[in-house]
Amino acid sequence: MNSILLVDDDEINNILHSVFINKLDLDIEVNTVVNGQEAIDFILSEKEDELVLPCMVMLDLKMPVMNGWEFMKAYEDLVPKELKDQITIVLVTTSDDQEDRDKAMINEFVDDFSQKPLSDETFKQLIQNNFNLTAI
């Protein structure tokens with residue numbers, strides 16, 4: 001695991017989540033974008049700009065420009081399979097709507113779902129669960 005992409009229009013959340021990830025002391029590069037379109041652009045520009053492809057995308061559902069669900073549709077349509085195979089997507093939201101959780105869990109490209117607010121313990125658990133790491 002070498003990179004996480006935080007996709008959230010709330011800059012404060014991006015800063016806090018970066019701090020939580022860095023507290024895990026895993027030598028992980030953290031990149032942030034503020035909407036789904038920027039996330040798609042980031043993932044697709046990976047080869048051109050020599051950026052590190054994110055192993056995990058933490059995707060907020062409610063954002064301007066392109067929300068989380070619109071991102072998932074664009075991701076399905078535009079991102080090549082060989083890149084998708086390398087990316088774990090975790091949807092994060094303040095919504096406690098069971099419909100959002102159900103929709104996330106039936107999407108073949110969504111690996112996990114978490115409710116905000118997130119903490120360093122939440123990130124630790126998500127990383128352990130999705131990357132089979134036993135000790136962080």
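Val-65 is found in the loop between β3 and α4, and its backbone does something a little unusual. In this predicted model, Val-65 has a positive phi of about 70° although it is not a glycine. Most residues other than glycine have a negative phi. The side of the story that concerns solvent is simple: at 68% relative accessibility, Val-65 counts as exposed, because the cut-off for that label is over 50%.

Asp-25 has a similar tale to tell. Its phi is near 55°, again a positive value in a residue other than glycine. Asp-25 is found in the loop between α1 and β2 (29-33), and with a relative accessible area of 69% it is exposed.

There is one more backbone oddity to look up, and this time it concerns the peptide bond itself. Lys-116 and Pro-117 are joined by a cis peptide bond, with omega about 0°. Most peptide bonds are trans. Pro-117 is found in the loop between β5 and α7, and Lys-116 has its place in the loop between β5 (112-115) and α7 (120-131).

**Lys-116 and its partners**

Lys-116 is worth a longer stop. Is it buried or exposed? Its relative accessible area is 12%, and buried means under 20%, so Lys-116 is buried. Who, then, does the side chain of Lys-116 meet in a salt bridge? The partner is Asp-8, at 2.6 Å from N to O. This pair links distant parts of the chain: Asp-8 sits in the loop between β1 and α1, Lys-116 in the loop between β5 and α7, and they are 108 residues apart. Asp-8 counts as buried too, at 2% relative accessibility.

Asp-60 joins in as well. The side chains of Lys-116 and Asp-60 make a polar contact at 3.2 Å, and Asp-8, Asp-60 and Lys-116 are linked in a network of salt bridges. Leaving out residues up to four places away in sequence, Lys-116 touches Asp-8, Asn-13, Asp-60, Val-92, Thr-93 and Thr-94.

**Other salt bridges**

The count of salt bridges comes to five. Three of the pairs are set out here, among them the one already met.

| Pair | Closest N to O | Relative accessible area |
|---|---|---|
| Lys-116 and Asp-8 | 2.6 Å | Lys-116 12%, Asp-8 2% |
| Asp-120 and Lys-23 | 3.2 Å | Asp-120 26%, Lys-23 54% |
| Asp-85 and Lys-81 | 2.9 Å | Asp-85 56%, Lys-81 56% |

The bridge between Asp-120 and Lys-23 also ties together distant parts of the chain, with Asp-120 in helix α7 and Lys-23 in helix α1, 97 residues apart. Asp-120 is partly exposed, while Lys-23 counts as exposed. In the bridge that Asp-85 forms with Lys-81, Asp-85 is exposed, and Lys-81 counts as exposed too.

**Inside the fold**

Now for the greasy part. The largest nonpolar core has 27 residues, and those with the most contacts inside it are Ile-43, Leu-59, Phe-71, Met-72, Tyr-75, Ile-89 and Leu-91. Two or more residues each come from β1 (3-7), α2 (36-44), β3 (56-60), α4 (68-78) and β4 (88-93). Which element gives the largest share? That is α4, with five residues.

Take Leu-91 as a way into this core. Not counting residues up to four places away in sequence, Leu-91 touches Leu-59, Leu-61, Trp-69, Ala-104, Val-110, Asp-112, Phe-113 and Ser-114. There is also a second, separate core of 14 residues, which includes Ile-21, Leu-24, Met-56 and Leu-118.

Phe-113, one of the residues touched by Leu-91, turns up again beside Arg-101. Arg-101 is found in helix α6 (residues 98-106) and counts as partly exposed, at 29% relative accessibility. Arg-101 and Phe-113 are twelve residues apart in sequence, and their C-alpha atoms are 6.9 Å apart in space. Leaving aside neighbours within four places in sequence, Arg-101 is in contact with Phe-113 and Gln-115.

**On the surface**

Not every nonpolar side chain is tucked away. Ile-12, Ile-15, Leu-16 and Val-19 form a nonpolar patch on the surface, and together they have about 360 Å² of accessible area. Ile-15, one of the four, lies in helix α1 (residues 11-23).

Conventions:
Residues are numbered from 1 along each chain as its sequence is written. This is a predicted model: local features need pLDDT of at least 70, side-chain atom pairs count only at pLDDT 80 or more; totals for chains, interfaces and linings use all residues. Side-chain values use heavy atoms; hydrogens and water are left out. A nonpolar core is a set of buried Ala, Val, Leu, Ile, Met, Phe, Trp, Tyr and Cys residues joined through side-chain atoms within 4.5 Å. Buried means under 20% relative accessible area, exposed over 50%, partly exposed in between (1.4 Å probe, protein chains only). Contact means heavy atoms within 4.5 Å. A polar contact is a pair of N or O atoms within 3.5 Å; within protein, one must be able to donate a hydrogen and the other to accept it, and residues adjacent in sequence count only if both atoms are side-chain atoms. Patches are made of residues with over 30% relative accessible area and no salt bridge: like charges are joined within 9 Å, nonpolar side chains (Val, Leu, Ile, Met, Phe, Trp, Tyr) within 5 Å. Accessible areas come from the Shrake-Rupley method with a 1.4 Å probe; for residues, only the protein chains shown count as cover. A salt bridge is a side-chain nitrogen of Lys or Arg within 4 Å of a carboxyl oxygen of Asp or Glu.
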